[in-house]
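User: I'd like to practise reading a structure with you. Could you take me through a few features, one at a time?

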Amino acid sequence: MNDEAAARIALLRSLSAAPSYVFTTVLTRSPISRIDVSRLTGLSQAAVTKAVAPLVAAGLVVDNLGSRRDGLPGRPVSPVAIVPEALVTIGIKVNVDEVIGVRTDLTTQVLATHRAPLTDHDPDSVVAAIAQVCARLEAPLGPDGGLLAGVGVAVSGDVDTAAGVVRESANMGWTAVDLRALLQDRVGAPVVIENDVRALTITEHMFGVGLGIDSFAIVTIGRGIGAGLHVNGEVVEGVHGVAGEIGHLPLADRDRICACGRRGCVEAVAATPAIVAAISEAHGREVSITEAVQLAHDGDAAATQAFTEAATTIGTAIASLVNLTGPDLVILGGEAVSNFDLFDQNLLGAYREHVFGSAGRCRIVIRPHTFEDWARGAAAAVIRTLAR
Ligand SMILES: [Zn+2]
């Protein structure tokens, strides 16, 4: 990164709690009047003005004092706004078959995208692919990385963000991979490693539904079944870095073995590979996911049974999560929602059967996140480390 970016990051890291809160409020709700910043942060307007001044001087925030009026003659709204281009981030989503990267501005708006295929899961190969994607996305920023504030990498599984280590990822076949250390010398900025569903939750926390709702959950269905939790305005991290592992709730038969090695996990019947394996076994040959979906649409008995069992198990798991945490909203995403017609009736039926009392007022909405959205989550994870 260049000196300008380093100075901006140093300023953000030096802020005490109240000015930092002012910055995140402007960042996530920009443009916003000083009156509203004051109301949301509980600080006096004088304190807000004092907090905004160094942010304006550093080029992170622009002060449109008096440029708009709130309808009352002589009463300027004094809006302040974030300068999105003040810093740049790169977000990476590691999938089993490819690495997807985005370059974003400070508000996680995507400026460019690049992908690289993965031929194997050896950590060195994956690191090389991530470095290649980063190099392509960094190139327009100049030899020093310009305003690049950091590189976020989202991986499924048990991720120790503080240590930068992927402790366990069944999808990648990884145990104790020190991903940050492997990457740090290959990219020109600090590296943040994050669990992929939590990264998605951080984006919603900072720039999405979290702005209006205190408690929500994201449940993703597809190759894995994951959940990100946002309770009372905060993303639930888990003291040990693990929380919301809905895919490993033991709600399936014990004879079903999960990719994680345990018995009876939700993923053992409801993850896409488990559904495909069950249909393949019934037909005595390998079927693809595309064919599995087609068979289910055609009414094939084995395919219907596999999708029914998956949907019922996911619905029960979502009811369990809602009963435990009482969110206002569950956002259902992940690649399998593109075939949600195969899940909806049984999933919602099992959910309604098991959700308890008023917890059932929780709304469930479908949001088909793209893999770019997941990469954007990794970028949000970087931005959150700058301003908390
Ligand atoms: Zn499991």
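User: Let's start with burial: is Cys258 buried or exposed?

Analyst: One thing up front: this is a predicted model. For burial, look at relative accessible area, where under 20% counts as buried. Cys258 comes out at 5%, so it is buried.

User: And His248, how does that residue read?

Analyst: The band between 20% and 50% is called partly exposed. His248 has a relative accessible area of 27%, so it falls in that band.

User: Which protein atoms are the donors of the zinc ion?

Analyst: For a metal site, list the donor atoms and their distances, then look at the angles. Here the protein donors are ND1 of His248 and the SG atoms of Cys258, Cys260 and Cys265, at 2.0 to 2.4 Å from the zinc ion. The angles among the 4 donor atoms run from 102 to 113°, and the site is tetrahedral.

User: How are those donor residues spaced in sequence?

Analyst: The pattern is H-x9-C-x1-C-x4-C. His248 and Cys258 are 10 residues apart, and both sit in the loop between strand S14 (234-235) and helix H8 (267-270).

User: Now a sheet. What is the strand order in the open sheet of 5 strands?

Analyst: With a sheet, read the order, then the edges, then the pairing. The order here is S6-S5-S4-S7-S11, and the pairing is mixed. Strand S6 (110-117) and strand S11 (191-195) are the edges, each pairing on one side only. On average, neighbouring strands are turned by 20° against each other, ignoring direction.

User: In which sense do S5 and S6 pair?

Analyst: Antiparallel: strand S5 (residues 98-104) and S6 share 7 bridges. To find the register, pick a residue and see what faces it; Val99 stands opposite Ala116 in S6.

User: Which helix lies across S4, S7 and S11?

Analyst: That's H7, residues 196-207. For a helix on a sheet, check which strands it touches and at what angle; H7 runs at about 100° to S11.

User: Last one: where is Ser156, and what does it touch?

Analyst: For a single residue, go from place to burial to contacts. Ser156 is in the loop between strand S7 (148-155) and strand S8 (158-160). Its relative accessible area is 15%, so Ser156 is buried. Leaving out residues up to four places away in sequence, Ser156 touches Glu168, Ser169, Asn171, Asn195 and Asp196. With Asn171 there is also a side-chain to side-chain polar contact of 3.4 Å.

Key
Residues numbered from 1 in each chain as written. Predicted model: local features only at pLDDT ≥ 70, side-chain atom pairs only at ≥ 80, totals over all residues. Heavy atoms only, no water. Helix = DSSP H or I, 4+ residues; strand = E, 2+ residues; numbered from the N terminus. Buried < 20%, exposed > 50% of the residue type's maximum accessible area, 1.4 Å probe, protein only. Polar contact = N/O pair within 3.5 Å; in protein donor to acceptor, adjacent residues only side chain to side chain. Contact = heavy atoms within 4.5 Å. Donors = N, O, S within 2.8 Å, 3.2 Å for Na, K, Ca; no water. Tetrahedral: all angles 85-135°; square planar, octahedral: opposite > 155°, others 65-115°. Pairing = 2+ DSSP bridges. Axes fitted to C-alpha atoms, helices over the stretch in contact; angles between N-to-C directions.
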